[in-house]
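Work through the exercises below with the structure open beside the text. Try each task before reading its solution.

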Amino acid sequence: MMRELDYSRIGLRIRQARKARGWSQGALAEKCGISMSYMGHIERGTRIMSMDTFASVCEALGAKADELLWGIPEPTETSLSGMWGEAGAEQANSDRYMMYTKIMKSVAEIIGGV
C-alpha cells in the first residue's frame, strides 16, 4: 500500500533541516536554483515541487529522501557503533551488523508511518 505524501510535513522537515544548518530561506533557495518565494511555498506545503527540485533540496541539505519525505532519519555510524559498544568497529563490516541495521531501519519506517 502506497503512503500518501503530506506536503505540509515535508515542508516542515525541510524548514527544520534548513534552520538546523543556520541557513535562511534565500540561502537554501539559491543552492537549489529556485526563487525564495517558491522555497517558501515548498516549506509551507502549498506547492508541490518537481523531482529535480526535491533532489536539489536533498543534495543541498545533505539529507536522505526518506528523512524529508517520511521523517525517517538515517542512523549515523556513531550512533550504530554506540549500540554495539566496543565491538562496533569490528562488526561494522559483518553481515550480522548489516542485518541489524536493516531491521532497525525497518522498525524506524514502521514507527514513522504510524
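Buried means a relative accessible area under 20%, exposed means over 50%, and partly exposed lies in between (1.4 Å probe, protein chains only). The model is a predicted one, where local features need pLDDT of at least 70 and side-chain atom pairs count only at pLDDT 80 or more, while totals for chains, interfaces and linings use all residues. Residues are numbered from 1 along each chain as its sequence is written, and side-chain values use heavy atoms, with hydrogens and water left out.

**Exercise 1. Describe the chain as a whole.**

Step 1. Helices (H or I, at least four residues) and strands (E, at least two) are DSSP runs, numbered from the N terminus. The protein chain has 8 helices and 0 strands.

Step 2. Along the sequence this gives the pattern α-α-α-α-α-α-α-α.

Step 3. The chain has 114 residues, and 25% of them are buried.

Step 4. Accessible areas come from the Shrake-Rupley method with a 1.4 Å probe; for residues, only the protein chains shown count as cover. The chain exposes about 7700 Å², of which carbon and sulfur atoms supply 55%.

Step 5. Contact means heavy atoms within 4.5 Å. Take the contacts between residues at least 6 apart in sequence: 51% of these join residues at least 24 apart.

**Exercise 2. Find the largest nonpolar core and say which elements build it.**

Step 1. A nonpolar core is a set of buried Ala, Val, Leu, Ile, Met, Phe, Trp, Tyr and Cys residues joined through side-chain atoms within 4.5 Å.

Step 2. The largest such core has 17 residues, and those with the most contacts inside it are Ile14, Ile34, Met39, Met49, Val57, Leu61 and Leu68.

Step 3. Two or more residues of this core come from each of helix 1 (7–20), helix 2 (25–32), helix 3 (36–44) and helix 4 (51–61). Helix 4 gives the largest share, 4 residues.

Step 4. Look at Met39 in detail. Leaving out residues up to four places away in sequence, Met39 touches Ile14, Gln25, Leu28, Ala29, Cys32, Ile34 and Val57.

**Exercise 3. Which residues of helix 3 are buried, and what covers them?**

Step 1. The buried residues in helix 3 are Tyr38, Met39, Gly40, Ile42 and Glu43.

Step 2. Their cover includes helix 1, helix 2 and helix 4.

Step 3. Go on to the residue that follows the helix. Gly45, just after helix 3, takes a positive phi of about 80°.

**Exercise 4. Is Thr53 buried or exposed?**

Step 1. Locate the residue: Thr53 is in helix 4.

Step 2. Because its relative accessible area is 11%, Thr53 is buried.

Step 3. List its contacts, not counting residues up to four places away in sequence: Thr53 touches Ile34, Tyr38 and Ile42.

**Exercise 5. Place two arginines and classify their accessibility.**

Step 1. Arg15 is in helix 1. Its relative accessible area is 22%, so Arg15 is partly exposed.

Step 2. Apart from neighbours within four places in sequence, Arg15 is in contact with Glu43 and Arg44. Arg15 and Gln25 are 10 residues apart in sequence, with 8.1 Å between their C-alpha atoms.

Step 3. Arg21 is in the loop between helix 1 and helix 2. With a relative accessible area of 34%, Arg21 is partly exposed.

Step 4. Arg21 touches Leu61 and Gly62, again not counting residues up to four places away in sequence. The C-alpha atoms of Arg21 and Leu61 are separated by 8.1 Å, although the two residues are 40 residues apart along the chain.

**Exercise 6. Describe the second largest pocket.**

Step 1. On a 1 Å grid over the protein atoms alone, a pocket is an open set of points where a 1.4 Å probe fits, with protein on both sides within 12 Å along at least five of seven lines; lining residues have an atom within 4 Å of a point. Grid points are joined across faces, edges and corners, and a volume is the space filled by probe spheres set on the points.

Step 2. The second largest pocket holds about 160 Å³ of space.

Step 3. Its lining consists of Leu5, Tyr7, Ile10, Ile48, Met49, Ser50, Met51, Phe54 and Leu69. Helix 1 and helix 4 each supply at least two residues of this lining.

Step 4. Ala, Val, Leu, Ile, Met, Phe, Trp, Tyr, Cys and Pro count as nonpolar, Asp, Glu, Lys and Arg as charged, and the others, Gly among them, as polar. The lining divides into 8 nonpolar residues, 1 polar and no charged.
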